[in-house]
Amino acid sequence: MGLAKTEMFTDLQNEIALFAKVFGHPARVSILQHLFKINSCVCGDLVNEIGLAQPTISQHLKELKHLGLIKGNVEGTSVCYCIDTENWTKMKEVMLQFLDQDVSKSSCC
């Protein structure tokens, strides 16, 4: 498999691709939906809620945190996660601008 060659693309194109990638797994979508539903931080009960093993949940949380869509705070021996509202808003603006593009009504194909 070849390299992604991300340096060939603009920062915006790379950012959009990263956002799309994070939504490319239903477990990450489920985690985000759960965090929005409870509207607070979650500390360790995602295994029961999502139904995946703890290491799997941790990997998905790592991806979401790396992109900045969630943030975590250490409380005792566990880490509590919640939506990073500032970064979520920025992501929505970028994605809405991209998704709001329309194809003109030209005769194509």
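**Core, aromatic cluster and individual residues in a predicted model**

At 54% relative accessibility, Lys62 counts as exposed, the cut-off for that class being over 50%. Lys62 belongs to helix H4, and its C-alpha atom is separated by 25 Å from that of Phe98, a residue 36 places apart from Lys62 along the chain. The structure described here is a predicted model, and the values below were computed from its atoms.

In soluble globular proteins, nonpolar side chains tend to be buried together. In the present model the largest nonpolar core comprises 20 residues, among which Ile31, Leu46, Leu61 and Ile70 touch the most other members. Two or more residues are contributed to this core by each of helix H1 (11–22), helix H2 (26–38), helix H3 (46–50), helix H4 (54–67), strand S3 (78–83) and helix H5 (85–99). Of these elements, H5 gives the most, with 4 residues. When residues up to four places away in sequence are set aside, Leu46 is found to touch Ile31, His34, Gly51, Ile57 and Leu61, and two of these partners, Ile31 and Leu61, are themselves named with Leu46 among the core members that touch the most others.

The aromatic residues were examined next, and 2 aromatic pairs were counted. In one of them, Phe23 and Trp88 are arranged edge-to-face, with 6.2 Å from centre to centre and 85° between the planes. Because Phe23 lies in the loop between H1 and H2 whereas Trp88 lies in helix H5, this pair ties together parts that are 65 residues apart in sequence. The two partners differ in their exposure, since Phe23 is partly exposed, with a relative accessible area of 31%, while Trp88, at 16% relative accessibility, counts as buried because the limit for burial is under 20%. Trp88 also pairs with Phe36; the ring centres are 4.9 Å apart and the planes stand at 65°, so this pair is likewise edge-to-face. Here too distant parts of the chain are linked, with Phe36 in helix H2 and Trp88 in helix H5, 52 residues apart. Phe36 is partly exposed, with a relative accessible area of 40%. Through these ring pairs, Phe23, Phe36 and Trp88 are joined into a cluster.

A charged residue without a salt bridge was found at Asp84, which is placed in the loop between S3 and H5. Asp84 is buried, and the nearest side chain of opposite charge, that of Lys71, is 4.9 Å away; a salt bridge would require a side-chain nitrogen of Lys or Arg within 4 Å of a carboxyl oxygen. Lys71 is nevertheless among the residues that Asp84 touches, together with Gly68, Leu69 and Ile70, when residues up to four places away in sequence are not counted. Of these contacts, Ile70 is also one of the core members that touch the most others.

Two asparagines were also considered. Asn14 lies in helix H1, and a polar atom of its side chain is 3.3 Å from the backbone oxygen of Phe9. Apart from neighbours within four places in sequence, Asn14 is in contact with Thr6 and Phe9. Asn39, by contrast, is found in the loop between H2 and strand S1 (42–43) and counts as exposed, at 68% relative accessibility. Most residues other than glycine have a negative phi. Asn39 has a positive phi of about 55° although it is not a glycine.

Technical notes
Residues numbered from 1 in each chain as written. Predicted model: local features only at pLDDT ≥ 70, side-chain atom pairs only at ≥ 80, totals over all residues. Heavy atoms only, no water. Core = buried A, V, L, I, M, F, W, Y, C linked by side-chain atoms within 4.5 Å. Buried < 20%, exposed > 50% of the residue type's maximum accessible area, 1.4 Å probe, protein only. Contact = heavy atoms within 4.5 Å. Lys, Arg positive; Asp, Glu negative; His and termini not counted. Phe/Tyr/Trp six-rings, centres within 6.5 Å; stacked < 30°, edge-to-face > 60°. Polar contact = N/O pair within 3.5 Å; in protein donor to acceptor, adjacent residues only side chain to side chain.
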